[in-house]
Amino acid sequence: MSTCPTVGSTSWRADRLGELPPYLFVEIDRKKALAKAAGRDVIDFGVGDPDMPTPAFIVDRMADAIREASCHRYSPAIGRRDLREAVCRYFVDRFGVDLDPDTEVLALIGSKEGIGNLPTAVINPGDVVLVPEPGYPVYTAGTVFAEGACHTMPLSESRGWLPALGEIPADVARRARLMYLNYPNNPTSACATKSFFEEAVAFAREHEILIAHDAAYVDVYFSDPPPSILEVDGAKDVCIEFHSLSKTFNMTGWRIAFAVGHAAALSALAKVKANLDSGPFGATQLAAIAALDGRTSPPVREQVEVYRRRRDILVGGLRKAGWSVRDPEATFYLWTSCPPGSDSMSTASRILDEADVVTIPGSGFGACGEGFIRFALTVDEERTAEAMQRLARLTW
Ligand SMILES: *Cc1c(COP(=O)(O)O)cnc(C)c1O
């Protein structure tokens, strides 16, 4: 978008907005809109937003809670204590980690908000922030808004999409204050082992860096449960971790999430938030308690089984069509290399032009995503199978 409101010759647009990386999905968005307008039957694997409704028991709790007068007033900026206690129960049960509900848990209005506000809370202008690439764009945006300097940590398939911490130059490590990590990973679907987290915690300790681990997909997995970085001994001294109800419970529109870990870092983030917002809607917090307490109930477990069935159709179909794919173990993404000789933009464009199937070109997540495309498992089984038949007809 090049237009913005102007008064006379004044452009009401701060220079820092120009520092944001360019939005690279423009071309695919444009083609998708054209195809839909032309009445073509588009199958869209581009959307990273669950297509299924929030489980009924959570909606029911919300419906009751909305009548509770206590929910109609401002809630504490750090979140209701009963929600923070539910987070502590979840953490012990799922990860075996004890948290203090008063100092080590902070409610968020979606984790994007917390991830984006964090640099304002913990870095000074010019401080280096270590950002993985390919990765979720909010790590860079939050850093830019706080006038930090992003240093890219390239992720590659050969290293299992984990950053090579030993390759971070010494002067960069010295100036770095914050490092973002994200496992299970969007867009690559890679998982981190506990031993990688141990290495990261040791690195953060040595260089006095705060790690912000984005665990949005920690409960969307198909085999072994992915760990929390807080399972590492002493991690609370150098780490915070972002969790979200968005993906696990199909609650992206509800805006409810939380951060846990290092008390002083959370208190700094809470200070920024207390000056900008006023805690999530109380009824949403009561619904979140029901969700966390019911996370192993059948309707929640069934969500993952739906993704597993779709994944199997997608993986099987792509292999049959001659693509080499590995089974994602977590997240609802499939990240696969492009056919030999095609870059990610031309692959995604051809699939859209010739098969009416939308995917996301990896280069949109940064240069290190070149050579890959991402499918989201947010399309039902029948349509996924249909898309695979269309792809099988393309020759590369
Ligand atoms: C979806 C997502 C989030 C979570 O977003 P919310 O703001 O909690 O809805 C965070 N990180 C990544 C990598 C995501 O894909």
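**View 1. The largest pocket offers about 1,300 Å³ of space.** Pockets here were found on a 1 Å grid over the protein atoms alone, as open sets of points where a 1.4 Å probe fits, with protein on both sides within 12 Å along at least five of seven lines. The volume is the space filled by probe spheres set on those points, which are joined across faces, edges and corners. Keep in mind that this is a predicted model: local features need pLDDT of at least 70, side-chain atom pairs count only at pLDDT 80 or more, and totals for chains, interfaces and linings use all residues. Residues are numbered from 1 along each chain as its sequence is written, and side-chain values use heavy atoms, with hydrogens and water left out.

**View 2. The wall of the largest pocket is made of 46 residues (an atom within 4 Å of a grid point).** Phe25, Gly135, Tyr136, Pro137 and Val138 sit nearest the centre. Helix α6 (138-145) is among the elements giving at least two lining residues, and α6 has the largest share, with four.

**View 3. The ligand takes up the space of the largest pocket (more than half of its atoms lie within 2 Å of the grid points).** Of the 14 residues around the ligand (a heavy atom within 4 Å), Asp214, Ser244, Ser246, Lys247 and Arg255 come nearest.

**View 4. Polar side chains reach ligand oxygens (polar contact: a pair of N or O atoms within 3.5 Å).** For Ser246 the distance is 2.6 Å, for Asn186 it is 2.9 Å, and for Lys247 it is 3.2 Å.

Notes
A polar contact is a pair of N or O atoms within 3.5 Å; within protein, one must be able to donate a hydrogen and the other to accept it, and residues adjacent in sequence count only if both atoms are side-chain atoms.
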